[in-house]
Amino acid sequence: MIKKVLFINKDREVQDKVRDILDQQDDYSLIVTDTTEEAYRIIDEGNVNFVLFDVDVALGEGVNKLLEMKEKYPDLPIVATTPVKSGEPQDAIAPEHRRT
């Protein structure tokens with residue numbers, strides 16, 4: 001059974017890299033969108049097994065949008081990604097959402 005991965009990311013280069021990686025796997029296919037609104041529509045159609053969510057997509061509301069999505073779809077595996085470059089601070093998660 002092919003697992004459908006929804007990748008929410010606005011960077012075409014990153015989208016292509018993830019697509020290249022998953023294309024090498026026989027049991028995964030990639031669906032890409034660059035908006036959370038379209039992501040909700042795709043998920044509601046019931047054709048997604050897993051979500052990769054770039055928290056940078058939601059224009060400053062990424063963590064909130066991620067938490068909303070997790071609340072709306074509690075059984076759907078969702079992994080947050082962020083475009084943190086090597087050498088940058090690793091505190092992209094708002095303090096109130098960090099685990100200590």
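Two strands count as paired if DSSP finds at least two bridges between them. Strands here (E, at least two residues) and helices (H or I, at least four) are DSSP runs, numbered from the N terminus. By that rule, S1 and S3 pair in the parallel sense over four bridges, and Leu 6 stands opposite Val 51 in S3.

A quick word on what you're looking at. This is a predicted model, where local features need pLDDT of at least 70 and side-chain atom pairs count only at pLDDT 80 or more, while totals for chains, interfaces and linings use all residues. Residues are numbered from 1 along each chain as its sequence is written, and side-chain values use heavy atoms, with hydrogens and water left out.

Now zoom out to the sheet. Four strands make up an open sheet, ordered S2-S1-S3-S4, with parallel pairing. At the edges sit S2 and S4 (78-81), each pairing on one side only.

Next, look at helix H2 (residues 36-44). Its buried residues (under 20% relative accessible area with a 1.4 Å probe, protein chains only; exposed is over 50%, partly exposed in between) are Thr 36, Ala 39, Tyr 40, Ile 42 and Ile 43. They lie on the same side of H2 because they cover an arc of only 165° around the axis, taken from the directions from the helix axis to the C-beta atoms. What do the buried residues of H2 pack against? They pack against strands S1 (3-8), S2 (28-33) and S3 (50-54), plus helix H3 (62-72), where contact means heavy atoms within 4.5 Å. After H2 comes Gly 46, with a positive phi near 80°.
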